[in-house]
Amino acid sequence: MSPAPTRRTVVGGALATGTLGLTAPVTVAHAAPATAPDTARQTSPDPWTTVLDDADMVWQKMPRTWYEGPYLGNARLGSGIYADPDTPGAVRFNVQHTEVQDHRPEFGSLFGLARLPIGHFTLEPVGTITAVDWRLRLRDAELTGTITTDRGTLTLRALVHNSRSVMAIEVTPTRGETEFRWVFHPAEAISPRVAFKPLPDGYTGNPPATVEDHHGVRAAVQPLLAGGQHVTAWRERTRSRRRTLYVTVAHSHPRTTARDRALKTVRAASALPYDVLAATHRTWWHAYYRKSFLSLPDARLQRFYWIQLYKVASAARADAPVMATSGPWLESTPWPATWWNLNVQLEYWLIHGSNHLELDAVTRALGEFRDNLSNQLDTPYRKDSAGIPRTTDIHLVNGGAVANGGFAVGIPGQDPPTPEVGNLTWALHNVWLTYRHTMDITILRDVVFPLLRKAVAYYLHFLTPGSDGKLHLPATFSPEYGVNAPDCNYDLMLLRWGCATLLDSAKILGVDDPSAPRWREVLTKLTPYPVDENGFMIGAGVPFAKSHRHYSHMLAVYPLYEVTWEDPGRRELIEKSLNHWVGFEGALQGYTFTGAASMSAQMGRGEDALKYLGELMTRFIQPNTMYKESGPVIETPLSAAQSLHDMVCQSWGGVIRVFPALPAAWRDLMVHDFRTQGAFLLSAAREGGVTRWVRLRSEAGAPCVVRHSLPDSIEVHDERGRRLSYERVGAGTIRIALDKGREAVITARGDHPDMTVAPVEPNGAAPRWGLPAS
């Protein structure tokens, strides 16, 4: 037996080392970041600390807007920080909460069930601000730094606590600034959409908030016309010149219990010094990041990636509401709701590969509120079918249909309401991805199968045979092209995926479902996807003929992977469809380019994928990595992280593809504990343009087929250094028998690579995100 490769894996802050069975001395590879972190942190050898310190956003200029400033959040409570536009010389700390919404369904999800603005604090110095020096420390999820005025300095630390619903802001003033003050400004409790669209008849804003004093704890009590209230409570405590503001928000409906909860929360939190709160907060965040690792030589893009991991955990948790378009940070927006025809799906894709299923609110919400998915259909279809409207509140309710005596999910062939039918099926694809990445059979049994069965059943009510012997759909709507089309590709593609997935799921679950023959008939007789000389059409008789940001007509290519580049007969169709879609300038938006990047990655074209991500960064991504279309829209930067995943690893179709679409400039790359379909944890390294090693750990004992990207002459060892047998099943592709809990390490024959988890050297210097001085 040849010597096994040295294995050095960082575990919980220490290094556990061995040669897959043999102990060895430990050395830690540590690449210098493109911009050095704080001196106090330079000595740390920990790779997570290195990449996170390097990714910290910095501000040496005052941010003037939401799109420039730092942000804090815990998926419920959120704050964005920037110069207050209404109070000259003050700094705004927004206060928003994902559970705070109106409860008047007669006005629909965008007015009557909309998220409601809460208010903001202004930090008002004594003097005039002359400089800021802030750092958003990703690893600690904490804003630190100074505000300098012509009267002195304010040193601040701020966090939104991970598990307590509390924002804590500690300010230490020098002598000239001891009289700085905090002021709370309640917002008008009205849908933000009023700034963009006319008010519905009969709609009025809620009455103004009343500020109360409760023995040193202040509370802004906001009553709601529909019953209930939301309450912002705060208290300032001084300890050794350090003044700490503690803030919370509570919401209740229809009862008025929010005030008592808010007061209790602030009193408990304010009894603790800032450092005590920060300690438990940091512990969660440090453990969060260690669940996976990615380092690539593009310093700007690597920093962007780690910021997205910070952002998604600031905006999402499994037990929190599904992300609305702006996450927990509600700014001026025409979209104060949750959007289901693309936004939700893109928001949560990156949680799978990055190994963060603790953030999956979609699976939980669809299961919890499943009755609402049937109740919003027209009455004849409620018994056996389900669907989800384009927009909903946090309980997946649309509401607008009640006022009109109609329903919230359109009927194919009818308009109004717009027959946008496929949104639930697409959302369930996300849940299916969670199942595939965990192989947790309860997700398949309790959520995917029963809800997908109902989503497909809705389609089956409308499928009719044509004179060609094929099954056809009446006109439906492809988001958001603007016209209806029969045999709409958005729906045909989702229906085909849904029927195939139901048949596979029934087999896995051992279910003899009476609808299975019908699902098989659909797969056999469903009309082909409408195409023309330019590729995929919107639907039969409706070509793709104008600039359009969505790729709804191409879901079979991505993310469903039903029409793939690995089928040579489909390559021309994929290529011309992609080129035709992105060839229309005018309406293209940020997620146009993330979709194009991921499709290019499927095609194995890393240079094209990187080009599209470059277009995104140059044209759309804001200084703090946020994104806007009339208002904040969170899905696009998060989906860009998924595009990076697709370049580094793909695992669709039962094959794990390692480094399938890397650009030539990425000669070195490190990935650790990347989660793949089949519930494998992938670690791998590329050095000098060559893959050196691949390690897979099986969590479920699922079939393991891997396209490893190493030279043909390879050897495979288990976690103890023993040779493993394997079967070649294609060019560069092998099948390994890998039981649950076991590992396989693939190397070039005779190679003994160092398997230390470490950042790679950047190709060059790059500016930090935020507003650095240069």
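Let's start with disulfides: this predicted model holds zero of them. Take Cys488, which is in no disulfide; its nearest cysteine sulfur belongs to Cys499 and sits 16 Å away. Cys649 has a cysteine sulfur at 11 Å, in Cys704, and that is too far for a bond, because a disulfide needs the two sulfur atoms within 2.5 Å.

How do these cysteines sit, buried or exposed? Cys488 is buried, with a relative accessible area of 0%. Cys649 counts as buried too, at 4%. For contrast, look at Gly586, which counts as exposed at 71%. The table puts these residues side by side.

| Residue | Relative accessible area | State |
|---|---|---|
| Cys488 | 0% | buried |
| Cys649 | 4% | buried |
| Gly586 | 71% | exposed |

Where would you find Gly586 along the chain? Gly586 belongs to the loop that links α15 (571-582) with α16 (590-602). If you want a sense of scale, pick out Ile169 as well: Gly586 and Ile169 are 417 residues apart in sequence, and their C-alpha atoms are 43 Å apart in space.

Now for the sheets. One of them is an open sheet of six strands with antiparallel pairing, and reading across it you meet β17, β30, β31, β32, β37 and β34, in that order. Why do β17 and β34 each have a side without a neighbour in the sheet? β17 (293-295) and β34 (714-718) stand at the edges and have a single partner strand each, so one side of each is left free of a neighbour there. Going from one strand to the next, the twist averages 20 degrees.

At the β34 edge, the partner is β37 (residues 743-748), and the two pair in the antiparallel sense over five bridges. If you'd like a spot to zoom in on, try Ile714: its bridge partner in β37 is Ala748.

Another open sheet has 10 strands and mixed pairing, in the order β13-β14-β15-β16-β11-β10-β9-β8-β3-β38. Here the edges are β13 (210-214) and β38 (770-771); each has a single partner strand, so one side of each lacks a neighbour in the sheet.

Inside this 10-strand sheet, β9 comes right beside β8 in the order. β8 (residues 129-137) and β9 (residues 142-149) pair in the antiparallel sense, and how many bridges join them? There are eight bridges between β8 and β9. To see this pairing up close, find Arg137, which stands opposite Glu142 in β9.

Technical notes:
Residues are numbered from 1 along each chain as its sequence is written. This is a predicted model: local features need pLDDT of at least 70, side-chain atom pairs count only at pLDDT 80 or more; totals for chains, interfaces and linings use all residues. Side-chain values use heavy atoms; hydrogens and water are left out. Two strands pair if DSSP finds at least two bridges between them. Helices (H or I, at least four residues) and strands (E, at least two) are DSSP runs, numbered from the N terminus. Axes are lines fitted to C-alpha atoms, for helices over the stretch in contact, and angles run from 0 to 180 degrees between N-to-C directions. Buried means under 20% relative accessible area, exposed over 50%, partly exposed in between (1.4 Å probe, protein chains only).
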